[in-house]
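Reader: I should like to learn how strand pairing and sheet order are read from a model. Might we begin with a hairpin and then proceed to a sheet?

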Amino acid sequence: MLAGLLCILATACNGFDPVTENLMRPPRLTPEQRAIEDALEAAVLGDPILKYPQSGDYRSAFVFYDLDGDGSEEALVFYATEYSDYTRVCLLDQRDGEWFSPCELSGLDRDVEFVSFANISGPDAVNVVIGWGNPEDDVMTMGIYSYQDGDGDGSGELVSLLNYAREDAAFNSYLIYDLDNDGLDDVFLLTNHQRTSKIKGISYTGYGIGITNQLSLSDSIVQFAGVTAGRISPRSARRGIFIDELLSGDELVTEVFTITEGQLTPVISQDMSHNPDDLEEGGEDLSDFPTLYEQTYRSNTASSSESPAAPVCADINNDNIIEIPTAQPMPGYEEQDEIIYLTEYHQLQEEQLNRVFAAAFNRDAGYLVKFPEEWVGNVTVVNQLENGEWRFITYNPNQKNPLEDLSGELARVRVVNQNSYQDKFLESYVQLCEPRGVFNYYGYVPENPVSTLAITVDQLKNELFSLL
Ligand SMILES: [Ca+2]
Ligand SMILES: [Ca+2]
Ligand SMILES: [Ca+2]
């Protein structure tokens with residue numbers, strides 16, 4: 001969530017993308033860098049045009065990693081030439097202190113999307129995972145490789161381990177995670193193209209890696225809004241992959257899968273029917289009651305169509321269990337055009353979603369205010385248009401205009417840009433946190449409140465307010 005927000009903040013004001021082939025040059029600082037570039041040029045036919053991964057932890061055209069476990073790093077270099085349609089990868093290694101290239105090979109598309117390292121193909125294996133793509137297509141192709149060293153004699157090879165038809169390695173989103181907790185990473189490919197959506201698992205099968213199984217995902221997925229993994233519930237060590245899907249209609253839904261005896265197994269999925277235990281003999285017919293899957297339906301509450309869809313699954317309370325969010329209009333906003341939502345996060349416990357966290361998210365301003373349990377359903381938020389201040393007020397449905405009745409006010413949060421002509425000295429407000437860039441975050445709690453819902457300014461500052 002934080003990364004997503006920073007990403008928006010960083011790109012909101014200008015369309016400038018610093019990671020482009022023209023703007024970034026390989027460092028030419030040390031003799032070793034020079035030696036590496038010389039080795040690349042010697043290995044490549046024509047002039048190499050360096051290519052930079054677009055996402056992930058490694059953003060340089062030169063990626064250093066100890067692939068064969070000999071204690072010194074090899075280099076992977078991504079490049080194209082006038083003779084190649086696809087980006088290629090050149091492996092560089094050292095022999096007697098000299099850089100040389102034992103091999104280079106073609107990638108699977110025009111650009112490199114990301115590079116990652118994982119332990120997939122067996123105990124002690126180091127695997128290179130590369131996403132290949134191009135700007136015209138949102139479907140990427142996954143490559144998984146290992147470096148098989150030829151005794152340091154220069155005959156080592158970067159071997160592709162996923163020898164499938166290209167469409168079998170296609171994906172729109174992915175996750176690398178040890179879902180079955182056997183010590184080896186598993187890879188999950190998510191696809192939503194050609195009107196069908198799937199999750200595909202790639203794991204170690206005893207002698208190599210293979211697609212272990214695949215299952216259908218929701219109909220009409222527009223895009224994957226999030227994918228994360230972790231413990232499913234407080235009472236079990238079972239791990240799940242949580243997939244947030246944006247559906248047509250700007251609605252989000254979550255599917256959850258685990259691995260049981262080597263097989264991907266739905267925990268929450270579109271295909272699930274009602275739990276047979278719900279339909280005991282003589283019991284009431286619960287077929288009209290929403291399934292767990294249907295209970296995860298929520299509106300996309302992102303502040304604009306350019307922002308990443310929200311809310312998505314996360315470990316919101318740092319207890320190592322992943323929570324599933326829902327969102328409902330705050331009291332009084334059911335019929336409004338500009339809705340402020342209460343976002344709730346739930347844990348799966350005994351086939352039910354139990355709320356463990358509720359908050360008002362001000363995504364534009366970059367903060368949230370957690371709702372104490374007794375606030376839920378009884379407190380709403382009013383946005384002061386002139387300064388963007390959020391006022392938290394007791395909701396009184398008997399008033400003619402409950403959203404204009406500020407008499408039951410409980411708290412305010414205001415964000416002030418130091419460079420603007422807003423009030424900078426807010427009497428009786430307190431600073432809620434350190435300034436972030438040019439933004440100061442202020443809070444206010446009325447004196448002598450009478451309401452049972454009242455909070456203290458310390459509570460606001462230390463328990464309820466936090467930055468996104
Ligand atoms: Ca090495
Ligand atoms: Ca595993
Ligand atoms: Ca949690």
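Author: Let us begin with the hairpin; please note that the model is predicted. Strand 24 and strand 25 form a hairpin, with 4 residues between them. In its turn, Gly-388 has a positive phi of about 70°.

Reader: How many bridges join strand 24 to strand 25, and in which sense do they run?

Author: Pairing is read from bridges, and two strands count as paired if DSSP finds at least two between them. Here strand 24 (residues 379-384) and strand 25 (residues 389-394) run antiparallel and are joined by 6 bridges. As one example of register, Val-379 has Thr-394 in strand 25 as its bridge partner.

Reader: Which strand is joined to strand 25 by 4 bridges?

Author: That is strand 26 (residues 409-417), which runs antiparallel to strand 25. Within strand 26, Glu-409 stands opposite Ile-393.

Reader: Turning to the open sheet of 4 strands, what is its order?

Author: The order is 11-12-13-14, and the pairing is antiparallel. Its edges are strand 11 (173-177) and strand 14 (209-216), each of which pairs on one side only. On average, neighbouring strands of this sheet are turned by 20° against each other, direction ignored.

Reader: Over how many bridges do strand 11 and strand 12 pair, and what is the bridge partner of Ile-176?

Author: Strand 11 pairs with strand 12 (residues 186-191) over 5 bridges, in the antiparallel sense. The bridge partner of Ile-176 is Val-187, in strand 12.

Note on methods:
Residues are numbered from 1 along each chain as its sequence is written. Chains are lettered from A and ligands numbered from 1 in the order in which they are written. This is a predicted model: local features need pLDDT of at least 70, side-chain atom pairs count only at pLDDT 80 or more; totals for chains, interfaces and linings use all residues. Helices (H or I, at least four residues) and strands (E, at least two) are DSSP runs, numbered from the N terminus. Axes are lines fitted to C-alpha atoms, for helices over the stretch in contact, and angles run from 0 to 180 degrees between N-to-C directions.
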